Each structure stands twice: as structure tokens, then as C-alpha cells.
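Biologist: I should be grateful for a close look at a single part of this model, namely the surroundings of the ligand and the elements that pack around them. Please take the description outward step by step.

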Amino acid sequence: PIVYLNGTLTPLSEAKIPVLDRGFIFGDGIYEVIPIYGRKLFRAEQHMARLFRSLAAIGITNPHTRAEWMALIEQVVREHPADDQMVYLHITRGVAKRAHAFPKESTPTVFIMTNPIVLPSAAARQSGVQCVSMEDKRWLHCEIKSISLLGNVLAAQNAAEHDAVESIQFRDGFLTEGSSSNVWIVKDGQLFGPPKDNLILEGIRYGLIEELCAACGITFSACRITHAEVFDADEVLLTSATKEVLPVSSIDGKPVGKGVPGPIYDKLYAAYQEAKA
Ligand code: PDD
């Protein structure tokens, strides 16, 4: 596969970065994951806006205009044979002598790669997926799409060790999010999600779910959701660029609702497929 690194297209195997890159040394950077369907970026506007917010949040001067970013991404997408892809963008503060504070001068490292998008299997959609719960031990800037992902890595590993697809995290007894997804609950036909604050990454699917709910006549509220409310929910759903909308069948071995995907999932999944078509 062909990737983009700092101004050039190159085979992935030949893409190299210096060991003093602050992404490598400090995890000092941000990223984006954008789904591509039929060679077109899905929710491009929103992903670009979040990319720009992430850069601003950590004080990296945006090296490109929106049009330049789109052209770079489209170049990488064009090189790949698959029609449906997931593009990964990674921007670090660049290379500098190792010192924690920002260097006076540095050029951001820009890396773009794409892979075929791997969506959940038909079996996972039909039966729902298993999850486990855990305390959210991450930092207090989860709203930044930071490449410093150790907390998320440990949460994902916790899930893997329990044969689960995601760890559903709670901070001080309230639902935050999955290791790499947003989490939603359904009660009495209404959808609820955690507030868009510093404790979760506002997924691009967050806004989309709000729109789809409005279009489908599903009432949506953002509010603090307790541990008990999650375990008492009729349905629990995950969303992310690669999971789209995915139903949860059990948490910690306890069935969610009837233990099978419910009607709100069905509606939102169908609406999602329509939106991306
Ligand atoms: N992760 N929360 C976290 C912690 C995430 O890592 C992600 C996405 C989301 C959902 O965001 P979106 O709807 O924009 O995909 C929420 C991506 C897919 C990843 O890290 O690979």
C-alpha cells in the first residue's frame, strides 16, 4: 500500500520517521479515522472540523488548508484498489531535541494511510456483541483525539482478555464511552448518550446519531447515565467509524434487555446505511 508522509507518496514499507519525532517520544500528536464508501469520504466536513479542533487543542499550527487536506486524502484513497476504505491521519508536533515543552520551531509530521474498511460481521449484527465494564482510568481530556492512547489500549486489552468487543467505561459511576467507540442506551423507546464534555471523544457518529434520531422520530437526550441505568437498559449500542452502529448483547455476561438486538438498533442501523449510500 501507498502512504503519504511529509509531502511524498511512498510504499508503507519505505515510510520512515526519525526516532526523535515527538509522536514517538511523547505521544505528542492527534489523529483521525475517516470511513470511505464508494471512494467518497463519509461526513468529510465533520471529520475535517474535528481534525482542525484537535490540532488547535494541542497548539499545532495547521499545516494545510481544508482543500489541501482533502486533496492529500483523495490522493491516497485513489492509490488503493478498494472502494470502501478507512483513512488514518496522524499529525505530530514533529522532530525536536527531547524536552517536554513545545520546541520553539518544529514542522508537524503528517502521515496518511488507508486500508480496506473492516466492518462488523453479519453474525455480530444479528446476535449483538459482548462487552465488559471497567473504571475509566484515562486522563481528563478525552475530547481530544490524541495519539496518546495508552488508557484506550489497556481498556481494549481488558476487553480482548474477556472475549469482549469493547470495554464500556465508567467514571465515578457514570457512563463515559468504549475503548474506541461511543456508547448509547435505550430505555422505553428513547435514546440516551453521555454529555459531550471532556470525558468522552465526541465521535463523528455522535452528531449523526442525533440527526438520525430526529429523522426517525426517536427522542434523544444527552445526560449523565449511571452504572445501574446501563445494566437496566433495553438496548445498548456502540458507534464508531468502523463499527457504524453495533448492538451490545451482554455486559459482564449479563444480557442487555432480551439479549438480542432491539428495534431502536434496527431503525438506526437502517438509517445509517441509508445515510452512507
Ligand atoms: N475511534 N470514542 C473513542 C475513544 C474513539 O476512539 C472513537 C473512534 C470514538 C467514535 O468516534 P467516531 O464516530 O468519530 O469514529 C469514540 C477510532 C475509530 C479509532 O481509534 O480507530
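**The ligand shell and its surroundings**

Modeller: The ligand is surrounded by 14 residues, and the closest of them are Ser180, Gly203, Ile204, Arg205 and Ala241. The model is a predicted one. By character, the shell around the ligand comprises four nonpolar, eight polar and two charged residues. Two elements, helix H6 and strand E13 (235-240), each contribute at least two residues to this shell.

Both elements lead on to other parts of the model. Helix H6 (residues 204-216) gives the largest nonpolar core its largest share, five residues. That core has 50 residues, of which Cys131, Val236, Leu237 and Val248 touch the most other members. One of these, leucine 237, can be followed further: apart from its neighbours within four places in sequence, leucine 237 is in contact with Trp184, Val245, Leu246, Pro247, Val248 and Tyr265.

Tyr265 brings us to helix H8, where Ile264, Tyr265 and Leu268 are buried. These three share one side of H8, because they cover an arc of only 95° around the axis. The general rule for an α-helix is 3.6 residues a turn, so residues three or four places apart point the same way. Helix H8 (residues 263-276) has 14 residues and spans 20 Å from its first C-alpha to its last, close to the 20 Å expected at 1.5 Å a residue. The buried residues of H8 pack against both H6 and E13, and also against strand E10 (182-187), strand E11 (190-193) and strand E14 (244-251). On the face turned away from the buried side, H8 carries the exposed residues Pro263, Gln273 and Glu274.

H6 is also a packing partner of helix H2. The buried residues of H2 pack against H6, strand E3 (29-37), strand E4 (40-41) and strand E5 (85-92). In H2, the buried residues are His47, Arg50, Leu51, Ser54 and Leu55. They lie on the same side of H2, because the arc they cover around the axis is only 140°. Helix H2 (residues 44-57) also has 14 residues, and from its first C-alpha to its last it reaches 20 Å, close to the 20 Å expected at 1.5 Å a residue. Just after H2, glycine 59 adopts a positive phi of about 70°.

To draw the parts together, H6 supplies residues to the shell around the ligand, gives five residues to the largest nonpolar core, and is packed against by buried residues of H8 and of H2.

Methods
Residues are numbered from 1 along each chain as its sequence is written. This is a predicted model: local features need pLDDT of at least 70, side-chain atom pairs count only at pLDDT 80 or more; totals for chains, interfaces and linings use all residues. A nonpolar core is a set of buried Ala, Val, Leu, Ile, Met, Phe, Trp, Tyr and Cys residues joined through C-beta atoms within 7 Å. A residue is buried if 20 or more other C-beta atoms lie within 10 Å of its own, exposed if 12 or fewer, and partly exposed in between; C-beta atoms are placed from the backbone. Helices (H or I, at least four residues) and strands (E, at least two) are DSSP runs, numbered from the N terminus. Two residues are in contact if their C-beta atoms, placed from the backbone, lie within 7 Å. A residue is near a molecule or strand if its C-beta atom, placed from the backbone, lies within 6 Å of it. Ala, Val, Leu, Ile, Met, Phe, Trp, Tyr, Cys and Pro count as nonpolar, Asp, Glu, Lys and Arg as charged, and the others, Gly among them, as polar. The expected span of a helix is 1.5 Å times one less than its number of residues. The arc is that of the directions from the helix axis to the C-beta atoms.
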